Amino acid sequence: MLNNQVQKAGFITNFFRKLISGGIPTYKMVLLLLPVALFIAVAIAVGGLVAAGGLLVVFVGIPVVLGIVAYPKFGIAVLMVVSFFLNYVSEFVPPETPTGIILDAITYLLIFGFLLKFKYDKDWSYFKNPISYLVLAWLAYNFLEVINPVSPSILAWVYTVRTVGFIMLMYFIFVYQIRSVETIRFLLKLWLVLAFLSALSGFQQENFGLFGFEKTWYYSDPLRLSFLYINGHLRKVAIFPDPVTFSYNMVVAAILCLCIMFRKIKTYKKVILGCMIPFFFLVMLYSGTRGAYVLPPAALAMLAVMNFNKRILMFVVGAGFVLGVLIFMPTSNQFIKRFQTAFRPSDDASFNVRAENQKRIQPYILSHPIGGGLGSVGIWGRRFAPNSFLAKFPPDSGYVRVAVEMGYIGLILFCILMFVILKTGINNYYLIKNPELKIYCLAMVLIIFVFNIGNYPQQALVQYPSNILFYLACALLNVTLRLDKQERETANGNKAAQLTA
């Protein structure tokens, strides 16, 4: 009986191997798939859309679910792709469609797959680092906010903790499941491909006009339109929910391209990356987000400090000269004019309004050490507690939002978390010996750094895909060092074996 089971398992494995490699003759494939095709046709004819939806779930949904649980690399890739395109898809479906459930489901499946794997491979060493400890502390503080006595609504906490707190669990998934340099290469390539497609969308919207469903989305909400229409120009969002997320992701993608160019790669790849950088910066201007304009020089300054050599210094000086020309040159171009105002904040009316709002909210922050409750400001505050004081407050800054919702205790803890992440990344960069892993670590440090800079004038870490990419970058700081140590241990073991042979 056991032999029969082994033979059946071998037959199934051999069949799928031939199916994938194309080793099954065409006539056999026709005979095999013809009954399946007839069944699908009859089912749709009888059951209509319900049957079609059911078949789609069976033939597409179930394999995808199993793939996410069983193959972490595939699951992380699906999470990244969906986080980029989910908002874009939601523009041409009914407004009440709960599209956010898709990302929640993928997150839960990744966590389930992690728990299954961890059950048989309990290696806590993956998480024994300062970032993991601080992330756990921050998560605990987020969950404790549910009992905040001044919180106006527990439902606001429920909706907010999904994207602000619960999504941080992905950090542990990334740290545990990314186990090879090949996986890092794949994820970074996917990151750049998705960013490039996003940039193409922004370029299309600016130069060729909006698609019909995009125009409907822009003009369906008067409040949204008033925010996006400035000085006779419509700010572009590409496939993202807002211009801030669009612009920040373009800057981050340009930084990633720049760092990868320092690797020893083929010349044509460097040319492609070099052409993508100005393209990302160009479409960034279409967003009209002044907070994004200061991020490239900040990243270049950090790059010069961390990787101080003649070539980098010459590049930074050259880029600084070009930047200086752009800032002070007289121009009638609306994009360059808006770019210049980012470096003259006193002349920016919106900056002055933000400064006044922050000054106005300071007494509340100082009198509420644990804040007004998670979700008390922004969209969830207006939805679940529309008459509360904080629901009418525009936080703008990510740091101000933390201070208002979670108090100065929460702000201190958040700042410590960001400090530890950057400190760990910088230390790991100097500890890593492998040149490729060193470059990847450098790129992640710069990305985390600019996200933190951008989190002051805007909310940089609350929207998809920025929150996913941020915690992926945090995880890669530790993954790159771990892989480098494993590589060195393997090399030392091989040398020892050769000496004793």
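Here is a short conversation about a surface patch and the cavities of this predicted model.

Reader: Glad to be looking at this one with you! Which helix gives the largest share of the nonpolar patch?

Author: Happy to help. The patch covers about 540 Å² and is made by Leu144, Val146, Ile147, Ile154, Leu155 and Val158. Three residues of the patch come from one helix, spanning residues 154-164, and that is the largest share. The helix is H6.

Reader: Is Ile154 buried or exposed?

Author: Ile154 sits in helix H6 and is part of the nonpolar patch. A residue counts as exposed when its relative accessible area is over 50%. Ile154 has a value of 53%, so Ile154 is exposed.

Reader: Now for the inside. Which helix gives the most to the lining of the largest cavity?

Author: The structure holds two cavities of 30 Å³ or more, and the largest has a volume of about 210 Å³. Its lining has 16 residues, with Val164, Val402, Phe414, Leu461 and Val462 nearest the centre. H6 and the helix at 398-431 each supply at least two lining residues. The top contributor, with six residues, is H19.

Reader: How many residues of that lining, in the largest cavity, are nonpolar?

Author: The lining of the largest cavity also includes four polar and two charged residues. The nonpolar ones number 10.

Reader: And which helix gives the most to the lining of the second largest cavity?

Author: That cavity has a volume of about 40 Å³. Asp104, Thr107, Tyr108, Arg162, Phe166, Ile167 and Tyr464 line it, dividing into four nonpolar, one polar and two charged residues. Three residues come from the helix at 100-120, which is H4.

How values were computed. Residues are numbered from 1 along each chain as its sequence is written. This is a predicted model: local features need pLDDT of at least 70, side-chain atom pairs count only at pLDDT 80 or more; totals for chains, interfaces and linings use all residues. Side-chain values use heavy atoms; hydrogens and water are left out. Patches are made of residues with over 30% relative accessible area and no salt bridge: like charges are joined within 9 Å, nonpolar side chains (Val, Leu, Ile, Met, Phe, Trp, Tyr) within 5 Å. Accessible areas come from the Shrake-Rupley method with a 1.4 Å probe; for residues, only the protein chains shown count as cover. A salt bridge is a side-chain nitrogen of Lys or Arg within 4 Å of a carboxyl oxygen of Asp or Glu. Helices (H or I, at least four residues) and strands (E, at least two) are DSSP runs, numbered from the N terminus. Buried means under 20% relative accessible area, exposed over 50%, partly exposed in between (1.4 Å probe, protein chains only). On a 1 Å grid over the protein atoms alone, a cavity is a set of points where a 1.4 Å probe fits but cannot get out, and a pocket is an open set with protein on both sides within 12 Å along at least five of seven lines; lining residues have an atom within 4 Å of a point. Grid points are joined across faces, edges and corners, and a volume is the space filled by probe spheres set on the points. Ala, Val, Leu, Ile, Met, Phe, Trp, Tyr, Cys and Pro count as nonpolar, Asp, Glu, Lys and Arg as charged, and the others, Gly among them, as polar.
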